[in-house]
Amino acid sequence: MSEQIGFIGLGSMGLPIASNLLAAGHQLYVYNRDASKAQPLVKAGAKQGMKPVEVAQPGGVVFTMISNDDALQSVVLGQDGLLQRLGPGGLHISLSTVSPALAQKMAQIHAEKQVSYLAAPVFGRPDAAAARKLWICIAGQPEARKRARPLLEAIGQGIFEFGDQPELANVAKISGNFLIASAQEAMAEALAVAEKSGVDRTQLIDMLSQTLFACGVYQNYGKMIAERRFTPVGFAMELALKDINLILDTAEQTKTPLPIASQLHDRLISGVAKGRGQMDWSALTMGVDEAAGIKK
């Protein structure tokens, strides 16, 4: 069954996700701060709004794929925010990686307006989004999860439920990103010592990613780190820093020591300070190389 869907945020992840919803037969209304990014979707049949509120249909569904807490609050609660029009019976599906605290706040504000809020952050790079290969974590009220599931099945390969409280999906997402960043740091360090010892770093990661660590994170990021190849950018270093800050904030609130996350924070903030914020987060290996005296 097709729905009238609003979609806000057409960046490197939002655009392919919105394209898949359009291809699935849904009527799509799209908004992006840079209006030019909506043109491929408009040419394919989507309708463009000039304000977030213009893509919301009363009682309908709106997806958001936004970079951070402030941006999400702006498109939802701002002067032209989507909540002004979505109204009773509406559903807001947030694909964004935002703080658990904001997800909790959003759920409360939406409930006051009889709108359902579903947190549905995703794992996967832009190529996975285009191929409908995202892994999706969802949390929210049962009726919201039920309504959203067929829509999410059009954009991903697997959906994992984490309960009725939306913030739990965001905890799951930032925990996963913490693990990915930790794996990249470990690979960068291991390859640095191997290289300095005379071992070919690409040969080593090929062996490891086919045997002991035969999974996507090691196979994809391992190859990028070994080859020092940081394009195309799937996830920018400055966004990785944002997510590490989110898990450190959550750790502080729950009184959970995260020494590895603290090290990653320092590694990433150093990279951003050196002008690498728009590079792929796998470029953290440049900091490892510098510390080891490897000049490339």
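Reader: Buried or exposed: which is R33?
Author: The relative accessible area of R33 is 80%. Buried means under 20%, exposed means over 50%, and partly exposed lies in between (1.4 Å probe, protein chains only). At 80%, then, R33 is exposed.

Reader: Thanks! And where does R33 sit?
Author: First, a word on the model: it is predicted, so local features need pLDDT of at least 70, side-chain atom pairs count only at pLDDT 80 or more, and totals for chains, interfaces and linings use all residues. Residues are numbered from 1 along each chain as its sequence is written, and side-chain values use heavy atoms, leaving out hydrogens and water. Helices (H or I, at least four residues) and strands (E, at least two) are DSSP runs, numbered from the N terminus. On that numbering, R33 is in the loop between β2 and α2 (39-43).

Reader: In what order do the six strands of the open sheet lie?
Author: The pairing in this sheet is parallel, where two strands pair if DSSP finds at least two bridges between them. At the edges are β3 (47-48) and β6 (116-119), each pairing on one side only. Across the sheet, the order is β3-β2-β1-β4-β5-β6.

Reader: Which residue of β2 stands opposite F7?
Author: Strand β1 (residues 4-8) pairs with strand β2 (residues 27-31) in the parallel sense, over five bridges. Facing F7 in β2 is V30.

Reader: What angle does the direction of helix α1 make with that of β1?
Author: Helix α1 (residues 14-23) packs on the sheet and touches β1, β2 and β4 (61-64); a contact is heavy atoms within 4.5 Å. Axes are lines fitted to C-alpha atoms, for helices over the stretch in contact, with angles from 0 to 180 degrees between N-to-C directions. For α1 and β1 the angle is about 170°.

Reader: Which helix gives the largest share of the largest nonpolar core?
Author: A nonpolar core is a set of buried Ala, Val, Leu, Ile, Met, Phe, Trp, Tyr and Cys residues joined through side-chain atoms within 4.5 Å. The largest here has 60 residues, and I8, M187, L268 and W281 are among those with the most contacts inside it. Twelve of the core residues come from one helix, the largest share, and that helix is α8 (residues 167-196).

Reader: Which residue meets E185 in a salt bridge?
Author: A salt bridge is a side-chain nitrogen of Lys or Arg within 4 Å of a carboxyl oxygen of Asp or Glu. E185 is buried, with a relative accessible area of 6%. It lies in helix α8, and its partner is 82 residues away in helix α12 (residues 259-273). The N to O distance is 2.8 Å, and the partner is R267.

Reader: How many salt bridges does the whole structure hold?
Author: Another example is E195 with R201, whose closest N and O atoms are 2.7 Å apart. R201 is buried, at 6% relative accessible area. A search of the whole structure gives a total of 14.

Reader: Why is C137 in no disulfide with C215, and how far apart are the sulfurs?
Author: A disulfide is a pair of cysteine sulfur atoms within 2.5 Å, and the search finds zero of them. C137 is buried at 6% relative accessibility, while C215 is partly exposed at 35%. The closest cysteine sulfur to that of C137 is in C215, but it is too far for a bond because the distance is 16 Å.
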